[in-house]
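I opened a fresh page for this structure. My plan was to look up its spaces, its strands, its rings and its odd backbone spots, and to write each down.

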Amino acid sequence: QANASDLKTFLSALRLAHQGTDAGVLPLSTLVPAKNSEVEKPKTKMIITSRRDYPLTKSFPYSLEHLQTSYCKLARVDTRVLCLKKLRKLDLSHNHIKQLPASLGDLACLQELDLHDNHLESFSGALCRSGLQKSLQFLDLSQNRLRALPLEFCELRALVNVKLDDNELLRLPCRVGQLGRLRFLSAARNRLPFLPSDFRRLSLENLDLFGNPFEQPNPLVPDIRLKIPLTLLECAARATINHRIPYGCHLLPSHLCEDLGVAKTCRCGGACLSSFIQITVTMNLHHVAHTVVLVDNMGGTDAPILCYFCSLHCYSQFLDRHPQSN
């Protein structure tokens, strides 16, 4: 990395010494350490914003911490990118990516992932179970073709900022309230008819749900799925959750564990699995966010949210209080 002519002279002297030349006649000179300005530092940031600048034959420096490859018409994630174990920020926005490889989750240091304006139709549950659970803080999936997010999405517990604008989302994950660190959420211009019940548990700084076709709540028209008497499975499931009995795939079939993981919570605090009454009620979004972008052009900040009841008794108690709450 230093002076090339000095290096050639040194190598020449080394060759002569190897051949047995007397040390007194060797062309030796004092070697001076290379200056800091002469030594190339490891590259930590690379920004590529056109197809013609995208490296096709050269590898990406393994020291990269920030890589942006936008407007490169990429149809998939380059496997060379998946080898950059020091990456903290990866920007693949404005490409044609349709699917994400599961190995993307091996980037254990990744804090920011920008997939804005691609052709994604799904977000893999395997990614949500990967090392990204502990590292990923910023995720931009806006302007894609997503219709739903996997249940495992709520295992990305480190998320602080999520952008889902301009997709085709029909629902949000039912356990979205598990994202305890989430502070910024935008899901504007999707196809959400209502919000999941767990949405109440969020504590956000900024929320944007503008442009969704929210349904008009009608608590007096319930979706009744109660089975009376309750099945043995329903009784066992309710008891397991209500009494906090430990369970896992080593004790129960995996599909039962999955069902227990998405059990509904009644207004009374009790659990219900597949036997319940469902309604939508109005919630002012300021209950979960400090700053709320208007839901519609009429200046509203209310949105419908799902509400569950484990029995007719709980539902009738709610109806008794409902006129007063209005």
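**Entry 1: the largest pocket**

I noted before anything else that this is a predicted model. Then I went to the largest pocket. Which strand gives the largest share of its lining? I found strand 14, with 3 residues. Strand 14 spans 302-309, and strand 10 spans 264-265. Each of the two supplies at least two residues of the lining.

I looked up the volume next. About 550 Å³ of space lies in this pocket. I counted 26 residues in the lining. Those nearest the centre are Cys174, Pro196, Ser197, Leu306 and Tyr308.

I sorted the lining of the largest pocket by class. I got 16 nonpolar, 4 polar and 6 charged residues.

**Entry 2: the domains**

I checked how the chain is divided. The domain assignment gives domain 1 as 45-191 and domain 2 as 223-276 + 313-321. I noted that domain 2 is written in two segments. How many Å separate the centres of domain 1 and domain 2? Taken over C-alpha atoms, the separation is 34 Å.

I went back to the pocket with these bounds in hand. Domain 1 and domain 2 each give at least three residues to the lining of the largest pocket.

**Entry 3: the cavity**

I searched the whole structure for cavities of 30 Å³ or more and found 1. The volume of the largest cavity is about 60 Å³.

Which residues line the largest cavity? I wrote down Leu149, Phe153, Val162, Leu164 and Leu172. Pro173, Val176, Leu179, Leu182 and Leu185 complete the list. By class, I found 10 nonpolar residues in this lining, with no polar and no charged ones.

**Entry 4: an open sheet**

I followed strand 14 from the pocket into a sheet. Here 3 strands form an open sheet, in the order 9-12-14, with antiparallel pairing. Why does one side of strand 9 and of strand 14 lack a neighbour in the sheet? Strand 9 (223-224) and strand 14 stand at the edges with a single partner strand each, so one side of each stays free of a neighbour in the sheet.

I looked at the join between strand 9 and strand 12. Strand 12 covers residues 277-284, and 2 bridges tie it to strand 9. The two strands run antiparallel. Asp223 has its bridge partner in strand 12, namely Gln278.

**Entry 5: aromatic rings**

I listed the aromatic pairs and found 5 in the structure. I picked out Tyr54 and Phe60. Their ring centres are 6.0 Å apart and their planes stand at 75°, so I logged the pair as edge-to-face. The cut-off for edge-to-face is over 60 degrees.

Are these two residues buried or exposed? Tyr54 has 7% relative accessibility and counts as buried. Phe60 has 3% and counts as buried too. The cut-off for buried is under 20%.

I also noted a cluster. Ring pairs link Phe309, Tyr315 and Phe318.

**Entry 6: backbone oddities**

I kept a general point in mind for this page. Most residues other than glycine have a negative phi, and most peptide bonds are trans.

I first looked up Tyr71. Its phi is near 55°, a positive value in a residue other than glycine. Tyr71 sits in the loop between strand 2 (66-69) and strand 3 (89-91). Its relative accessibility is 48%, so I put it down as partly exposed.

I turned to Arg189. Its phi is positive as well, about 55°, although Arg189 is not a glycine. I placed Arg189 in the loop between strand 7 (184-186) and strand 8 (204-208). Its relative accessible area is 41%, which makes Arg189 partly exposed.

Which peptide bond did I mark as cis? I marked the one from Ile228 to Pro229, where omega is near 0°. Pro229 lies in the loop between strand 9 and helix 4 (232-242).

**Entry 7: a loop residue**

I ended on Val25. It belongs to the loop between helix 1 (4-18) and strand 1 (45-48). With a relative accessible area of 60%, Val25 is exposed. I also checked its distance to Ala13. The two residues are 12 apart along the chain, and 9.4 Å separates their C-alpha atoms.

Notes:
Residues numbered from 1 in each chain as written. Predicted model: local features only at pLDDT ≥ 70, side-chain atom pairs only at ≥ 80, totals over all residues. Heavy atoms only, no water. 1 Å grid on protein atoms, 1.4 Å probe; cavity = no way out; pocket = protein on both sides within 12 Å on 5 of 7 lines; lining within 4 Å. Points joined across faces, edges and corners; volume = space filled by probe spheres on them. Helix = DSSP H or I, 4+ residues; strand = E, 2+ residues; numbered from the N terminus. Nonpolar A, V, L, I, M, F, W, Y, C, P; charged D, E, K, R; others polar. Domains from an automatic or database assignment. Pairing = 2+ DSSP bridges. Phe/Tyr/Trp six-rings, centres within 6.5 Å; stacked < 30°, edge-to-face > 60°. Buried < 20%, exposed > 50% of the residue type's maximum accessible area, 1.4 Å probe, protein only.
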